[in-house]
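Biologist: I would like a close look at a single part of this protein, with its surroundings described carefully enough that I can follow along in the structure.

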Amino acid sequence: MKIIRQLEEQNGFTHNEQVIAGYILKQKYKILSLSAAALARETYTSPAAVIRLCQRIGLSGYQEFKIRFSAELEQEKQLISEIDANIPFHKEDGIREIASRLEKLTAESLREARALVTSSAEDFEKACEIMMSARRIVIFGVGDAFLAGLAFQARMMRAGFNQFLSSPVYGEQRHLAQTLESEDCGILLSFSGVTESTLECADILAKNHVHTITLTSLRQGRLTELSDIVLYLPDKEKKYRRYANFSSHACMEYYLNVLYSYYFTRKYDDITQVRID
């Protein structure tokens with residue numbers, strides 16, 4: 001997850017860390033010239049508190065924070081976009097304007113998604129290997145994420161990949177998770193990474209030593225800690241402010257399409273010998 005997003009959401013931050021995060025967000029460019037000691041003086045905290053904040057958001061220390069934060073600010077300046085992924089249209093927009101904004105948002109989202117896929121290609125390959133060696137595969141998720149998973153499942157089964165199971169009753173995923181064993185695989189789909197029902201399933205799968213592949217935008221949290229392979233989604237949307245999920249849904253489908261296509265290439269000759277209506 002981007003540094004600015006983590007500083008805004010302040011998940012698990014102590015009081016001092018909240019104070020430091022608030023100051024950084026207000027004085028973004030000034031921070032680049034401050035040492036850890038100077039930032040501590042400005043926020044009436046301590047250099048140790050500054051270091052702990054950096055470590056809480058997944059960085060080794062203040063020096064890495066300044067390098068990564070500077071790059072993120074530069075990226076912000078270069079990204080000239082009027083599209084807000086959380087509300088990608090204005091109240092006065094007509095059909096033409098809405099169509100244009102959604103096209104631009106989708107293109108931007110997929111460009112960012114492709115960059116992440118490229119940088120984590122080995123994880124995608126490992127995910128496919130886990131799936132191919134699994135006795136049974138179950139998709140876990142809620143809402144649109146689960147629907148994207150079902151479309152992926154249908155596509156894979158049409159290509160001859162028949163290891164998939166689905167809960168016959170929506171909302172019974174927890175019980176299905178309890179039936180899986182170490183030879184099986186669970187695919188966990190959660191943009192936010194904090195969906196309680198999905199986390200419950202992840203806990204069960206971990207206890208049963210089931211292989212897990214997770215698609216999420218959350219860089220740190222219980223869901224990622226419980227997963228064998230994590231394929232990180234772009235985090236253009238804010239989990240608690242979005243009114244639509246165009247970006248996250250497009251990226252989720254894109255990742256699943258990459259997995260499907262990679263599997264297809266591995267079985268290309270076998271699949272293409274069978275006519276698919």
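In which helix is G22 found? Please start there, and then take me through helix α13 and whatever packs against α13.

Modeller: The model is a predicted one, and what follows should be read with that in mind. G22 is found in helix α2, which covers residues 15–26. With a relative accessible area of 24%, G22 is partly exposed, because the buried class is kept for values under 20%. The C-alpha atom of G22 is separated by 7.5 Å from that of L7, although the two residues are 15 apart along the chain.

Helix α2 is one of 14 helices in the protein, which also has five strands. Of the 277 residues, 43% are buried, and among the contacts with a separation of 6 or more, 69% are between residues 24 or more positions apart.

Turning to helix α13, this element runs over residues 246–266 and so has 21 residues; from the first C-alpha to the last α13 reaches 30 Å, close to the 30 Å expected at 1.5 Å a residue. Several of its residues are buried, including S247, S248, A250, C251 and M252, and, further along the helix, Y255, L256, L259, Y260, Y263 and F264. In general, an α-helix has 3.6 residues a turn, so residues three or four places apart point the same way.

The partner to consider is helix α7, residues 95–119, which packs with α13 at an angle of about 45°, the two axes being 9 Å apart. That angle makes α7 oblique to α13, and the crossing of the two helices is right-handed. On the α7 side, the residues that meet α13 are L102, L105, S109, L110, A113, R114, L116 and V117, and on the α13 side their counterparts are F246, S247, A250, C251, Y254, Y255 and V258. The residues of this contact divide into 12 nonpolar, two polar and one charged. S247, A250, C251 and Y255, which belong to the α13 side of the contact, are also listed among the buried residues of that helix.

For a residue to set beside G22, I would take Q153, which lies in helix α9, residues 143–158. Q153 is buried, with a relative accessible area of 10%, whereas G22 is partly exposed. Leaving aside residues up to four places away in sequence, Q153 touches I139, F164, L165 and S166.

Note on methods
Residues are numbered from 1 along each chain as its sequence is written. This is a predicted model: local features need pLDDT of at least 70, side-chain atom pairs count only at pLDDT 80 or more; totals for chains, interfaces and linings use all residues. Side-chain values use heavy atoms; hydrogens and water are left out. Helices (H or I, at least four residues) and strands (E, at least two) are DSSP runs, numbered from the N terminus. The expected span of a helix is 1.5 Å times one less than its number of residues. Buried means under 20% relative accessible area, exposed over 50%, partly exposed in between (1.4 Å probe, protein chains only). Axes are lines fitted to C-alpha atoms, for helices over the stretch in contact, and angles run from 0 to 180 degrees between N-to-C directions. Angles under 35 degrees count as roughly parallel, over 145 as roughly antiparallel, 65 to 115 as roughly perpendicular and the rest as oblique. A crossing is left-handed if the near helix is turned anticlockwise from the far one by less than a right angle, and right-handed if clockwise. Contact means heavy atoms within 4.5 Å. Ala, Val, Leu, Ile, Met, Phe, Trp, Tyr, Cys and Pro count as nonpolar, Asp, Glu, Lys and Arg as charged, and the others, Gly among them, as polar.
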